[in-house]
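Work through the exercises below with the structure in view, and try each task before reading its solution.

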Amino acid sequence: QVQLVESGGGLVQPGGSLRLSCAASGITFNIYPMGWYRQAPGKQRELVAIITSGGGTNYADSAKGRFTISRDNAKNTVYLQMNSLKPEDTAVYYCNVPGKAYWGQGTQVTVSS
């Protein structure tokens with residue numbers, strides 16, 4: 001039983017910040033890469049950021065310079081720090097193991113003035 005529970009979303013004004021958390025259970029967390037994904041209304045889900053088991057990171061062009069993915073293996077948790085938020089960042093954000101389909105409920109991020 002794999003469970004991924006996202007939290008930390010909310011309503012924020014353009015230019016604001018949010019920190020998302022994803023708590024994982026049911027997997028040997030420390031050996032897997034983890035990704036953050038998002039799905040905006042009417043659009044397909046897209047990969048935003050990924051972090052390897054060793055801590056290496058990569059980002060979508062839209063996220064570079066603004067978002068930071070990190071992980072705490074002792075807490076089985078992956079984070080996404082989002083700064084300088086834009087309205088186009090509005091989406092439901094999910095975490096997952098790349099290539100897997102352990103989709104949870106996600107957490108809603110709304111960037112609006």
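**Exercise 1.** Find the residues in contact with Val 78, leaving aside its neighbours within four places in sequence.

*Solution.* Contact means that heavy atoms lie within 4.5 Å. With that rule, the partners of Val 78 include Leu 20, Cys 22, Phe 29, Met 34, Trp 36, Ile 51, Ile 69 and Cys 95. The model is predicted, so local features need pLDDT of at least 70 and side-chain atom pairs count only at pLDDT 80 or more, while totals for chains, interfaces and linings use all residues. Residues are numbered from 1 along each chain as its sequence is written, and side-chain values use heavy atoms, with hydrogens and water left out.

**Exercise 2.** Describe the place of Asp 89 and its side-chain polar contacts.

*Solution.* Begin with the location: Asp 89 is in the loop between strand 8 (77-82) and strand 9 (91-96), where strands are DSSP runs (E, at least two residues) numbered from the N terminus. Next, consider exposure: Asp 89 is buried because its relative accessible area is 1%, and buried means under 20% (1.4 Å probe, protein chains only). Finally, a polar contact is a pair of N or O atoms within 3.5 Å, one able to donate a hydrogen and the other to accept it; residues adjacent in sequence count only if both atoms are side-chain atoms. The side chain of Asp 89 has such a contact of 2.9 Å with that of Arg 38, and another of 2.7 Å with that of Arg 66.

**Exercise 3.** In which sense do strand 9 and strand 10 pair?

*Solution.* Two strands pair if DSSP finds at least two bridges between them. Strand 9 and strand 10 have 3 bridges, and their pairing is antiparallel.

Methods
Helix = DSSP H or I, 4+ residues; strand = E, 2+ residues; numbered from the N terminus. Buried < 20%, exposed > 50% of the residue type's maximum accessible area, 1.4 Å probe, protein only.
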